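Thanks for coming. I will go through one structure today, starting with the whole chain and ending with two neighbouring positions.

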Amino acid sequence: MKINQTTNTVINFGSILDSNNKILFSYDASGSTGNWFTKTHSGGSVTSNDTSVLMDTDWHIYKLIYTSSDVKFYIDNTLVSTHTTNLP
């Protein structure tokens, strides 16, 4: 995926089961770090991790692997986050 701009941008994509149950890569330009975040939502609870991977406008491969016990998030085939809580 390629992002065209990094300013005034909010991006959320991944697996959205419904409004309360989601697995997402997330970026919000208004945040302080400029990094991608990973999020899992289950009911009203959310787990969010800063990946330390800066947003840029180059091409990247985003992948998530979901099992009954965890979700693994990859950017360019590098594991950047694992969630074991708040799995939908």
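In what order do the elements of the protein chain run from the N terminus on? The answer is β-β-β-β-β-β-β. Put as a count, the secondary structure comes to zero helices and seven strands. Please keep in mind that this is a predicted model.

Now the overall dimensions. Taken along the principal axes, the C-alpha atoms of the protein chain fill a box of roughly 35 × 25 × 20 Å. The radius of gyration is 13 Å, and since a compact globule with 88 residues would have a value near 12 Å, the chain agrees with that expectation. Of the contacts with a separation of 6 or more, 35% are between residues 24 or more positions apart.

Next, surface and interior. The protein chain exposes about 5000 Å², and carbon and sulfur atoms supply 48% of that area. Of the 88 residues, 33% count as buried.

That brings me to the core. In soluble globular proteins, nonpolar side chains tend to be buried together. Here the largest nonpolar core has 13 residues, and the members that touch the most others are I11, F25, W36, M55, F73 and I75. Strands β2 and β6, the latter covering 71–75, each supply at least two residues of this core.

Now the two positions, beginning with G34. Where does G34 lie? It is in the loop between β2, residues 21–28, and β3, residues 35–42. In sequence, G34 and L54 are 20 residues apart, while their C-alpha atoms are 5.7 Å apart in space. Setting aside residues up to four places away in sequence, G34 touches Y27, V53, L54 and M55. M55 came up a moment ago, among the core residues that touch the most other members.

One step on is N35, found in strand β3. Is N35 buried or exposed? Buried: its relative accessibility is 11%, and the cut-off for buried is under 20%. Which side chain joins that of N35 in a polar contact of 3.0 Å? That is the side chain of D50. Leaving out neighbours within four places in sequence, N35 is in contact with S26, Y27, D50, S52, V53, L54 and M55.

If you put the two contact lists side by side, Y27, V53, L54 and M55 are touched by G34, and N35 is in contact with these residues too. The list for N35 also includes S26, D50 and S52.

That is what I have for today.

Key
Residues numbered from 1 in each chain as written. Predicted model: local features only at pLDDT ≥ 70, side-chain atom pairs only at ≥ 80, totals over all residues. Heavy atoms only, no water. Helix = DSSP H or I, 4+ residues; strand = E, 2+ residues; numbered from the N terminus. Contact = heavy atoms within 4.5 Å. Buried < 20%, exposed > 50% of the residue type's maximum accessible area, 1.4 Å probe, protein only. Polar contact = N/O pair within 3.5 Å; in protein donor to acceptor, adjacent residues only side chain to side chain. Core = buried A, V, L, I, M, F, W, Y, C linked by side-chain atoms within 4.5 Å. Rg over C-alpha atoms; globule rule 2.2 N^0.38 Å. Areas by Shrake-Rupley, 256 points an atom, 1.4 Å probe, with all protein chains shown as cover.
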